[in-house]
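Here is a friendly walk through one protein model and its ligand. Please keep the sequence and the 3D view open while you read.

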Amino acid sequence: MPWTINDAKNQSGRLAIVTGANIGLGFDTALALAGKGCAVILACRSADKAKAARQQILAAHPKATVECMTLDLSSLKSVRAFAMAFKKKHKTLDLLINNAGIMMPPYSLSEDGFESQLAANYLGHFVLTAELLPLLNATSGARVVSLSSLAHRWGGIRFDDPNFTQGYNKRSAYGQSKLACLMFAYELDRRLRAAGSTTLSVAAHPGVAATNLAQHFPKALGVFFPLVGQSTAMGAMPTLYAALGDDIEGGDYCGPRSLQQMRGDPVKVGSNRASRNVSDAKKLWALSEQLTGTTFVV
Ligand SMILES: NC(=O)c1ccc[n+]([C@@H]2O[C@H](COP(=O)([O-])OP(=O)(O)OC[C@H]3O[C@@H](n4cnc5c(N)ncnc54)[C@H](OP(=O)(O)O)[C@@H]3O)[C@@H](O)[C@H]2O)c1
């Protein structure tokens, strides 16, 4: 039998952060978590959009605890300010869902000088996780879920030029950022295990889901998402399975079971050889620490 949200235990008393929760897969993830009784923080770059999403969640689940906090993952200053504000209020954290993302925008650099997809999809979440790990480690049964993609196969990590200062290719840059998210999830899992932590690091991908993510696609390709894509509710299922499934272990990767992982019920899936390269993962970790000026203590 495929895993469904009905298989998840009641989450009352637990607390989750979902990044990019105002729309798309993040919204459906937050909605489902709230429906299970989990208190949810909508970590979004637009306060107004977060507020509107909160209203929608409360309309569906009037007794839910839903809070909005501002977080722009493409700004390390914003990430650190978010983490500081969160830590002032909370001493524990059960679920960190690293969901927010952008896909194939025109070339730009973040305020910290990083290629925009690397910044928002990966480096912002790297620093966010580093900042919040002590709280996750202080919480029994905590999990970090990192959103990857089938696109992790689209490109390697450009260790010599991660910010594409030469020859920007938006597809390769998206692929790099999503490969980085997956390598990070696996490497964090190895480090957590080595440290004897009970926190699980897992990854998920939604297959193809019709969302705003395709906004920078050429028109001809733009039809692909709605045509092949599944609903956002189904697209959120692998994330929810990774976050709540009873049989999930650290280092698992969840995605849809059908049509070459593009759609269907959530199951554990495999990933490519590059994502499993342990020495590259260590190199990426060191590079991420160096680029962001973060010492990530596990
Ligand atoms: N949809 C798919 O088929 C698909 C496939 C593979 C992987 N994914 C992954 O799934 C995740 C969610 O994507 P989606 O499809 O739900 O896309 P979406 O509908 O475009 O939602 C993306 C979310 O991320 C937020 N976001 C973007 N940049 C941000 C930043 N700098 N700081 C904070 N939040 C930011 C967006 O906020 P705004 O609303 O303010 O822009 C929005 O809330 C992404 O990581 C994506 O790579 C999606």
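S149 is in contact with Y174, K178, H205 and Y253, leaving aside its neighbours within four places in sequence; contact here means heavy atoms within 4.5 Å. The residue lies in the loop between β5 and α5, where helices (H or I, at least four residues) and strands (E, at least two) are DSSP runs numbered from the N terminus. With a relative accessible area of 11%, S149 is buried; that word stands for under 20% relative accessible area, with exposed over 50% and partly exposed in between (1.4 Å probe, protein chains only). A polar atom of the S149 side chain lies 2.8 Å from the backbone nitrogen of A151. S149 and L182 are 33 residues apart in sequence, yet their C-alpha atoms are 8.4 Å apart in space.

This is a predicted model, in which local features need pLDDT of at least 70 and side-chain atom pairs count only at pLDDT 80 or more, while totals for chains, interfaces and linings use all residues. Residues are numbered from 1 along each chain as its sequence is written, and side-chain values use heavy atoms, with hydrogens and water left out.

S146 is found in strand β5 (residues 143–147). Why does S146 count as buried? Because its relative accessibility is 3%. Among its contacts beyond four places in sequence are N98, C181, F184 and V202.

Now to the ligand. Of the 29 residues around it, N22, R45, N99, Y174 and T211 come nearest; a residue belongs here if one of its heavy atoms lies within 4 Å of the molecule. The table gives distances from backbone N or O atoms to a ligand oxygen.

| Residue | Partner | Distance |
|---|---|---|
| L25 | ligand oxygen | 2.8 Å |
| A209 | ligand oxygen | 2.8 Å |
| N212 | ligand oxygen | 3.4 Å |

The protein covers 95% of the 900 Å² of accessible area that the ligand has on its own (Shrake-Rupley method, 1.4 Å probe). Two or more residues of the shell come from each of α1 (24–35) and α5.

Finally, the interior. In soluble globular proteins, nonpolar side chains tend to be buried together. The largest nonpolar core has 43 residues, of which I17, F82, F86, L93, Y122 and L132 touch the most other members; such a core is a set of buried Ala, Val, Leu, Ile, Met, Phe, Trp, Tyr and Cys residues joined through side-chain atoms within 4.5 Å. α4 gives the most to this core, with 12 residues.

Definitions and conventions: Polar contact = N/O pair within 3.5 Å; in protein donor to acceptor, adjacent residues only side chain to side chain.
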